[in-house]
Structures are given as structure tokens and as C-alpha cells.
Amino acid sequence: MPGELDLAFVLRLVPYRDADLVVTLLTQHHGLISLMARGARKSQKRFSGALDYLTLIRATFKKPRSGMGTLTAAESARSYEKIRGDLACYHLAMHFFEVTRLATREGDDANEPFLLLGHLLTLLERGGDRTTALRIFHLKTIAHLGYAPSELACASCGVGLQESGAHLHEGGLLCPPCGAGNGVPLSKSAVNAIVKTASLTYEEFRSFKISPAEEREIGPVVEAALVRALGAEPRSLEQLHEMLGT
Ligand SMILES: [Zn+2]
């Protein structure tokens, strides 16, 4: 039996026993799956050396109804060499992989997260702006988790925030009347930058850039929203700040 065939990104590699690897893949059509790659640590040849981060692979696997499936073959469909050779870019990509893993469950349809990863890795590989790629990733992931920016509304009274600016509190964003006197004020242009970034099409990624002034305002807000949406703080976030100097 040849098994299933799909394109996939390697999100995580965990050594198992002496010779095996547990491979977590984000596939184009089969969602998130964890598979046993037998003998992967003993022989690089076994999977043509393709089992690595920053390689889009063609994976062949057998997936039983229950329990862990088996990766039977893998070959490289595309390798992101420029990202691999740039430490800050590499950490950014690893952050994408960790957050995608936290945001996706096995059995979920993950075609959108798969396409998002592909477009953002291509953007970074071509030298695109890292901070912009990071915030696109965060806001698209937040939206995928069900927190749409078009519903960006005051956490207290529910009024829309696009026209008014906002105040950032621990409980979320508040409109100026509700948040007056405390919290971090967020300008109308920052609120609009969030909405614009979240609604970009893949084709618009390349020509879009978040300005340093916008980033100073929206960075902390976006990350607080991401942590709330995930229900956990990604371990890669703090190190990423050191790498990007943010
Ligand atoms: Zn309000």
C-alpha cells in the first residue's frame, strides 16, 4: 500500500528511542499530523535528508484511524536556504512553526495556515521585511483562531474602534471614553494598521510594510492578543525579541 501523499512543512522533530523521530507536519490537505519516522536518525538516506525545518517536503505516510501513523517517505520539494543562513530569519521561522503548532489541532482543516506559512516563508526568502512578516503572521493567526479584527470593538461597551482609536488595558482594548485616564493609548492610525494588516491578501504581502512608528504602537497589542487567543505564551517569543532587537 503506497499510503497518502501530501505537501508539508516540518513543525517539530522529536527524537524517539535510538533511531527514530516523531515528526509533526502541517500538511496542505491532511491538517496537522504527528508521524513516526522509523530509522530517520540512523540513516539520512532513509528520507533523502529532507526531514528538516525550512524544507517543504513531499510526504508519503500511512495514517490509521487511531494512534500514530508512519512516515514512509519524504523528499524535498523546496528548501528555504536564505532563511536557514540568517539567524534572525531562522528564529522567526521557528516562531511561526511553534505558534502554528499551538494554534492547530489534529483533525482541524489547516489549509489556510499551510498557505500562510508558505507565503510568509517565500516573503522572508526573498528578503522581505521581518517585522511586517511577523505581524502579518500574528494577526492572520489570531483571525484564524476566531478573533476577527473587523470585530475590533471596545471590551467594555462594544463600540467599534476603527474610527476612535483605543486604550490598551489588561482586559483588552477599550474605547477612549471607557479607557480614559489609564491604560496605554493607541492612535487611530495604529488601530487601522492592525485592521489593514489582518485583511491583506497573499498577493499584497510583498508590497506592504508596517512603519517603525506603527510597530512601536501595535507590537505589544498584537502580542497580548495572540497570547490571549492561544491561551499560552509561545516559548519562542522572548528569544525572538532579542534576535529582532524589538
Ligand atoms: Zn467603550
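A residue counts as buried here when its relative accessible area is under 20%. By that cut-off Phe205, at 2%, is buried in this predicted model, whereas Tyr202 comes out as partly exposed, with a relative accessibility of 25%. These two residues also pair up through their rings: the centres sit 5.7 Å apart and the planes meet at 90 degrees, so the arrangement is edge-to-face.

That pair is best seen against the overall fold. The protein is built from 8 helices and 8 strands. Its radius of gyration is 20 Å, close to the 18 Å expected from the globule rule for 246 residues, so the protein is as compact as a globular protein of that length. Along the principal axes, the C-alpha atoms take up a box of roughly 65 × 35 × 30 Å. Buried residues make up 47% of the 246. Looking at contacts between residues at least 6 apart in sequence, 59% bring together residues at least 24 apart. The accessible surface amounts to about 12200 Å², and carbon and sulfur atoms account for 50% of it. As for charge, there are 27 positive and 27 negative ones, with mean positions 7 Å apart.

Back to the rings: the whole structure holds 5 aromatic pairs. One is the stacked pair of Tyr53 and Phe97, at 6.4 Å centre to centre with 25 degrees between the planes. Tyr53 belongs to the loop between β3 (32-37) and β4 (55-62) and Phe97 to helix α2 (residues 87-103), so this pair ties together parts 44 residues apart in sequence. Both Tyr53 and Phe97 are buried. Elsewhere, Phe9, Tyr80 and Phe114 are joined into a cluster by ring pairs.

Technical notes:
Residues numbered from 1 in each chain as written. Predicted model: local features only at pLDDT ≥ 70, side-chain atom pairs only at ≥ 80, totals over all residues. Heavy atoms only, no water. Helix = DSSP H or I, 4+ residues; strand = E, 2+ residues; numbered from the N terminus. Rg over C-alpha atoms; globule rule 2.2 N^0.38 Å. Buried < 20%, exposed > 50% of the residue type's maximum accessible area, 1.4 Å probe, protein only. Contact = heavy atoms within 4.5 Å. Areas by Shrake-Rupley, 256 points an atom, 1.4 Å probe, with all protein chains shown as cover. Lys, Arg positive; Asp, Glu negative; His and termini not counted. Charge placed at Lys NZ, Arg CZ, Asp CG, Glu CD. Phe/Tyr/Trp six-rings, centres within 6.5 Å; stacked < 30°, edge-to-face > 60°.
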